[in-house]
Amino acid sequence: DYGTIKKVLAPMNQTSSSCLLEEIELLPKSQREPIRSLQILHSQSVLFVGLQEHVIKVPLKRCLFYKTYSACIGSQDPYCGWDMVMKKCTTLEESLSMSQWEQSITVCPMRNLTVDGHFGTWSQWKPCTHTDGASVGSCLCRTRVCDSPAPQCGGWLCEGPTMEIANCSRNGGWTPWTSWSPCSTTCGIGFQVRQRSCSNPTPRHGGRVCVGQNREERYCNEHLLCPPHVFWTGWGPWERCTAQCGGGIQARRRTCENGPDCPGCSVEYQPCNTNACPELKKTTPWTPWTPVNISDNGGHYEQRFRYTCKARLPDPNLLEVGRQRIEMRYCSSDGTSGCSTDGLSGDFLRSGRYSAHTINGAWSPWSPWSQCSRDCSRGIRNRKRVCSNPEPKFGGLPCLGPSLEYQECNILPCPVDGGWSCWSSWSKCSATCGGGHYMRTRSCTNPAPAYGGDICLGLHTEEALCNTQPCPDSWSEWSEWSECDSSGFQFRLRQCIVLFPVGSQCTGNTTESRACALDSNFIPEISVARSSSIEEKRCGEFNMFHMIAVGLSSSILGCLLTLLVYTYCQRYQQQSHDATVIHPVSPAPLNTSITNHINKLDKYDSVEAIKAFNKNNLILEERNKYFNPHLTAKTYSNTYFTDFNNYDEY
């Protein structure tokens with residue numbers, strides 16, 4: 001009803017009763033509520049407690065709650081026992097050795113009267129002394145006792161100090177100097193630093209502070225000259241643009257001083273004059289007047305031609321052929337009025353006022369397109385036709401229209417093969433000592449491959465070693481192993497003595513642990529004191545005479561032992577042959593001897609003993625009648641004694 005779980009030990013047998021081992025309060029008093037259900041998950045040794053709105057998981061094995069031997073054994077918990085090696089309360093699975101694991105569940109524990117200890121009030125401050133190295137100082141101290149109440153029945157001990165010390169004057173002391181830090185430069189004059197602190201011990205309660213500097217510096221690498229500085233000069237002026245209009249390229253240059261390995265490029269390009277070129281027009285001069293076979297009232301006609309061209313310079317592929325212009329004039333036959341162009345136009349030429357013999361020109365079919373001027377990225381091709389179908393004759397009009405036609409071709413962009421950019425500057429070395437590396441990179445962007453062009457060949461990263469000099473020691477020596485703690489382990493420590501560790505310095509753990517050596521298996525080292533002079537003397541006393549005596553004694557003893565064993569074996573074999581009796585009825589062979597039968601006669605008086613002895617002799621005589629030594633014991637019993645029912649009858 002109140003959220004309390006009772007842990008009960010099941011009875012060992014019918015005569016014993018169950019034991020109440022533990023009462024567990026799941027919730028604080030202000031939040032108590034009834035338990036709805038309980039379910040044990042044996043695979044995980046967990047008890048699930050169902051409440052109104054949530055579920056609580058409680059471990060069945062609560063061995064860590066018992067801190068002492070008496071609390072662990074007295075709990076009578078079937079899951080827990082005291083491990084003699086680890087010196088703590090564990091489950092059987094956690095124990096190192098079953099023989100070192102102790103448990104008692106034969107009697108019921110007392111009702112839980114566990115009381116945790118609490119400290120009483122502090123006493124009044126009293127003068128006291130303390131020793132700090134070679135100096136003795138005066139302090140104020142006060143104490144308290146764990147008696148309000150004292151821990152009972154395995155309750156927790158009081159946690160916290162039992163004594164407080166105040167107003168203890170302690171003079172400060174310097175710690176040892178740290179190791180010198182790595183030089184601030186790899187070449188040229190730099191500096192190194194080492195430090196110490198006033199914490200060995202720290203001054204307190206009016207003690208003197210440390211006198212002196214807590215930081216020292218010194219120069220380094222003053223004899224290691226740096227190589228000449230390699231650098232670029234400033235950029236020169238931009239060169240003249242390669243085109244006046246329509247987009248050109250101009251460059252500027254710089255040079256590398258003190259060496260050839262400056263990072264970057266020595267030439268830089270930029271576009272220039274990207275404005276479009278103006279469209280220029282040119283008109284050819286008029287051709288001379290040419291008579292035309294057209295007569296009118298005794299006069300004749302003449303004509304002349306000129307052409308107009310236009311283009312966007314400087315690219316001649318953009319040339320466009322303009323229209324053809326024709327002029328005609330009329331000349332009188334008597335020459336009185338001269339030649340006049342008044343009233344003449346194209347309509348007059350097309351009106352058919354020609355002589356019957358006039359043949360106007362006509363174009364031939366277009367020729368095939370020529371090969372494109374470029375394989376990609378917009379080329380130009382052309383085709384031609386000739387005014388020969390038919391040719392103009394007898395003053396006929398020439399063909400109208402262009403004789404040459406242009407067309408764009410291969411408009412797809414050309415493949416662009418990738419090109420490497422300039423190398424970047426070398427990166428900073430990854431370590432200041434112990435061997436590091438630095439690197440530089442470049443990218444395939446000058447230009448980047450496009451439209452199916454080839455990628456760049458080669459490495460995009462270069463690495464080189466740097467700062468290969470060994471690093472100074474960064475760890476202090478390991479401290480001594482500590483005493484074994486309650487968990488059965490020992491520890492030792494070390495400190496990083498470098499103020500600013502770099503690279504591989506101070507890598508690793510600052511602590512180490514190991515299992516304590518078992519007391520039961522500990523064999524103390526015993527040193528035996530010997531005198532070298534006595535040993536040499538004893539070794540010298542064992543001479544050739546002793547060796548011969550020992551050899552003869554061993555030979556004689558071996559012969560005697562061999563003779564004794566041989567005699568014993570002969571006697572034992574003879575007795576076994578003479579005294580063996582095989583029982584005829586029993587399925588297992590029965591071996592006995594005459595002496596055994598005689599020993600049985602001790603139970604009778606002399607007359608009965610004589611009768612029994614005679615009966616035994618009769619039995620032996622009857623056996624000799626039927627006994628065949630060439631038959632086995634099994635064949636013997638099956639062949640000759642099937643008609644006897646028991647030993648007495650036989």
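Of the 650 residues in the protein chain, 22% count as buried, where buried means under 20% relative accessible area, exposed means over 50%, and partly exposed is in between, with a 1.4 Å probe and protein chains only. Before going on, a word on what we are looking at. This is a predicted model, in which local features need pLDDT of at least 70 and side-chain atom pairs count only at pLDDT 80 or more, while totals for chains, interfaces and linings use all residues. Residues are numbered from 1 along each chain as its sequence is written, and side-chain values use heavy atoms, with hydrogens and water left out.

First, the overall picture. The secondary structure comes to seven helices and 28 strands; these are DSSP runs numbered from the N terminus, with helices being H or I of at least four residues and strands being E of at least two. The chain exposes about 46,700 Å², and carbon and sulfur atoms supply 55% of that area. Accessible areas come from the Shrake-Rupley method with a 1.4 Å probe, and for residues only the protein chains shown count as cover. As for contacts, meaning heavy atoms within 4.5 Å, take those between residues at least 6 apart in sequence: 54% of them join residues at least 24 apart.

Next, the salt bridges. How many salt bridges does a search of the whole structure find? There are twelve, a salt bridge being a side-chain nitrogen of Lys or Arg within 4 Å of a carboxyl oxygen of Asp or Glu. I will show three of the pairs.

One of them joins Lys-61 and Glu-93, at 3.6 Å from N to O. Lys-61 is in the loop between β5 (55–59) and α1 (69–74), and Glu-93 is in the loop between β7 (88–90) and β8 (101–102), so this pair ties together parts that are 32 residues apart in sequence. Lys-61 is partly exposed, at 30% relative accessibility, and Glu-93 is exposed, at 60%.

Another joins Arg-383 and Glu-405, with N and O 2.7 Å apart. This pair links distant parts of the chain, with Arg-383 in strand β23 (residues 379–384) and Glu-405 in strand β24 (residues 404–409), 22 residues apart. Both side chains belong to partly exposed residues: Arg-383 has a relative accessible area of 22%, and Glu-405 has 28%.

The third pair is Arg-215 and Glu-217, whose closest N and O atoms are 3.1 Å apart. Arg-215 is partly exposed, at 36% relative accessibility.

Now an arginine without such a partner. Arg-254 sits in the loop between β15 (248–253) and β16 (256–257). Arg-254 is buried and has no salt bridge; the nearest side chain of opposite charge is Glu-268, 7.3 Å away. For charge, Lys and Arg count as positive and Asp and Glu as negative, while His and the chain ends are not counted. What lies 3.0 Å from a polar atom of the Arg-254 side chain? It is the backbone oxygen of Cys-265. Beyond its neighbours within four places in sequence, Arg-254 has contacts that include Trp-232, Trp-235, Pro-263 and Cys-265.

Arg-32 is found in the loop between β2 (19–25) and β3 (37–41), and is partly exposed at 35% relative accessibility. Arg-32 and Tyr-2 are 30 residues apart in sequence, but their C-alpha atoms are 5.3 Å apart in space. With neighbours within four places set aside, Arg-32 is in contact with Tyr-2, Glu-25 and Leu-27.

On to backbone geometry. Most residues other than glycine have a negative phi, and most peptide bonds are trans. Which residues does a cis peptide bond join in the loop regions shown here? One cis bond joins Ser-148 and Pro-149, with omega about -5°, and Pro-149 lies in the loop between β10 (135–143) and β11 (163–166). Another cis bond joins Asn-389 and Pro-390, with omega about 0°, and Pro-390 lies in the loop between β23 and β24.

Two residues that are not glycine have a positive phi: Ser-45, at about 55°, and Gln-76, at about 60°. Ser-45 is in the loop between β3 and β4 (46–50) and is buried, with a relative accessible area of 19%. Gln-76 is in the loop between α1 and β6 (81–83) and is buried at 5%.

Last, the surface. Met-544, Met-547, Ile-548 and Leu-552 form a nonpolar patch with about 430 Å² of accessible area together. Patches are made of residues with over 30% relative accessible area and no salt bridge, with like charges joined within 9 Å and nonpolar side chains (Val, Leu, Ile, Met, Phe, Trp, Tyr) within 5 Å. Met-544 belongs to helix α4 (residues 544–579) and is exposed, at 53% relative accessibility.

Definitions and conventions: A polar contact is a pair of N or O atoms within 3.5 Å; within protein, one must be able to donate a hydrogen and the other to accept it, and residues adjacent in sequence count only if both atoms are side-chain atoms.
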